[in-house]
Amino acid sequence: MVGGMSLRVEKTGRAPEEAGGSRMQFLYEVRAGEHVYRGTDLYAGVGMDVSASRMVGVLAGFLSKAGERYRSGMCPPDDAYPEWVYEQAYLNEDELAMASFELEEPEVFTGRFGEQEGPWASVVFLQGEDADAALSVLEERGPEAAIAHLAQWDFGDETEQAAAANGHVYKAPPVGTWDREFRSGAYHLSWNHSLGHVGLTRSIAGAAEAATPSERARQLGPASPTVTAGVTGHSIDARPEPLGR
């Protein structure tokens with residue numbers, strides 16, 4: 001039970017991908033009172049071996065986001081779920097977000113990294129539709145690939161200067177109460193599928209570990225950012241205070 005909702009997920013097999021490989025497919029059931037909704041459009045990332053219990057957390061995250069959409073009035077009647085699912089997701093939004101936090105990807109969320117190798121400069125923070133591409137990379141290819149994707153917005157000294165000018169240099173990486181996080185080299189990745197945001201920060205002290213802009217361009221191709229590098233605008237809980245001037 002998640003608040004007033006009951007969620008069940010069952011593995012049904014593997015579905016082939018057009019680009020090659022396959023991903024695990026799951027049957028899911030959502031119950032609230034006398035209402036029951038069943039679907040089969042729940043998948044793990046390509047090549048990933050994921051347990052049904054972990055996918056309950058993924059489903060809870062999707063439903064939490066559906067509740068957020070219902071609250072903001074963006075719920076057309078012909079959307080992904082019946083309207084009662086959106087309404088119940090809205091009524092149980094906090095419980096769904098917490099279930100997602102507790103069940104989804106527990107091997108990644110292993111605790112706070114603290115103030116190691118700071119200060120930290122914000123590279124980019126994306127939310128809503130702007131975050132969809134990065135969150136898709138994260139889901140399908142993992143946090144290392146998501147860092148490589150977001151590192152396209154890291155322009156070295158220019159990023160550090162922009163972060164300092166806009167008050168986005170921190171003693172510790174900004175992490176929301178329900179965010180997950182992952183550290184690779186000089187980079188720190190934080191994200192929340194349920195709330196639809198993802199952010200990348202870099203240790204200024206460990207800047208030499210990060211690839212230069214020309215190296216990233218050669219590896220990943222040109223970026224087409226929708227957010228100015230270093231100008232973020234975090235709106236998450238428990239953000240560390242910026243460093244004093």
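## Cores and helix packing in a predicted model

Leaving aside its neighbours within four places in sequence, Leu63 is in contact with Met5, Leu7, Val30, Tyr81, Val85, Ala89 and Leu96. The model that shows these contacts is a predicted one. Leu63 belongs to the largest nonpolar core, a set of 27 residues in which Leu63 and Leu7 touch the most other members. Two or more residues of this core come from each of strand S1 (6-16), strand S2 (22-32), strand S3 (35-43), helix H1 (52-71), helix H2 (83-91) and helix H3 (93-103). The greatest share is that of H1, which gives 7 residues. Another core lies apart from this one and has 19 residues, including Val123, Ala131, Leu138 and Leu189. In soluble globular proteins, nonpolar side chains tend to be buried together.

The chain as a whole can be described briefly. It holds 7 helices and 8 strands. Of its 245 residues, 45% count as buried. Among contacts between residues at least 6 apart in sequence, 69% join residues at least 24 apart.

Three of the helices that contribute to the largest core, H1, H2 and H3, were examined in pairs. Two packed helices are described by the angle between their axes and the distance between the axes. For H1 and H2, the axes come within 7 Å and cross at roughly 95°. This angle falls in the range of 65 to 115 degrees, so H1 is roughly perpendicular to H2. On the H1 side the contact is made by Leu63, Ala66, Gly67, Arg69, Tyr70 and Arg71, and on the H2 side by Glu83, Val85, Tyr86, Glu87, Ala89 and Tyr90.

Two residues of this contact, Gly67 and Glu87, illustrate how positions separated in sequence are placed in space. They are 20 residues apart in sequence, and their C-alpha atoms are 6.7 Å apart. Glu87 lies in H2 and has a relative accessible area of 36%, so Glu87 counts as partly exposed. In the same helix, Trp84, Val85, Tyr86 and Ala89 are buried. The cover over these buried residues of H2 includes S2, S3, H1 and H3.

The axes of H2 and H3 come within 4 Å, with a crossing angle of roughly 80°. H2 and H3 are therefore roughly perpendicular to each other. Ala89, Tyr90 and Leu91 of H2 make this contact with Glu93, Glu95 and Leu96 of H3. Ala89 and Leu96 are also among the contacts of Leu63.

Within H3, the buried residues are Glu93, Leu96, Ala97, Ala99 and Ser100. The arc that they cover around the axis is only 160°, and they are therefore on the same side of H3. The face turned away from this buried side carries Asp94 and Glu102, which are exposed. What covers the buried residues of H3 includes S1, H1, H2 and strand S6 (180-184).

A similar description can be given for helix H4 (residues 132-141), in which Ala134, Leu135, Val137 and Leu138 are buried. These residues lie on the same side of H4, because they cover an arc of only 155° around the axis. Leu138 is also a member of the 19-residue core. The buried residues of H4 are covered by elements that include helix H5 (143-150), strand S7 (187-192) and strand S8 (197-203).

Just after H4, Gly142 takes a positive phi of about 100°. The axes of H4 and H5 come within 7 Å and cross at roughly 150°. An angle over 145 degrees counts as roughly antiparallel, and H4 is therefore roughly antiparallel to H5. The crossing of these two helices is right-handed. In the contact between them, Ala134, Val137, Leu138 and Arg141 of H4 meet Pro143, Ala145, Ala146, His149 and Leu150 of H5.

Strand S8, part of the cover over H4, contains Thr201. The relative accessible area of Thr201 is 4%, so this residue counts as buried. With neighbours within four places in sequence left aside, Thr201 is in contact with Trp120, Ala121, Ser122, Val123, Pro173, Pro174, Ala186, Tyr187 and His188. One of these, Val123, is a member of the core of 19 residues.

Terms used. Residues are numbered from 1 along each chain as its sequence is written. This is a predicted model: local features need pLDDT of at least 70, side-chain atom pairs count only at pLDDT 80 or more; totals for chains, interfaces and linings use all residues. Side-chain values use heavy atoms; hydrogens and water are left out. A nonpolar core is a set of buried Ala, Val, Leu, Ile, Met, Phe, Trp, Tyr and Cys residues joined through side-chain atoms within 4.5 Å. Buried means under 20% relative accessible area, exposed over 50%, partly exposed in between (1.4 Å probe, protein chains only). Contact means heavy atoms within 4.5 Å. The arc is that of the directions from the helix axis to the C-beta atoms. Axes are lines fitted to C-alpha atoms, for helices over the stretch in contact, and angles run from 0 to 180 degrees between N-to-C directions. Angles under 35 degrees count as roughly parallel, over 145 as roughly antiparallel, 65 to 115 as roughly perpendicular and the rest as oblique. A crossing is left-handed if the near helix is turned anticlockwise from the far one by less than a right angle, and right-handed if clockwise.
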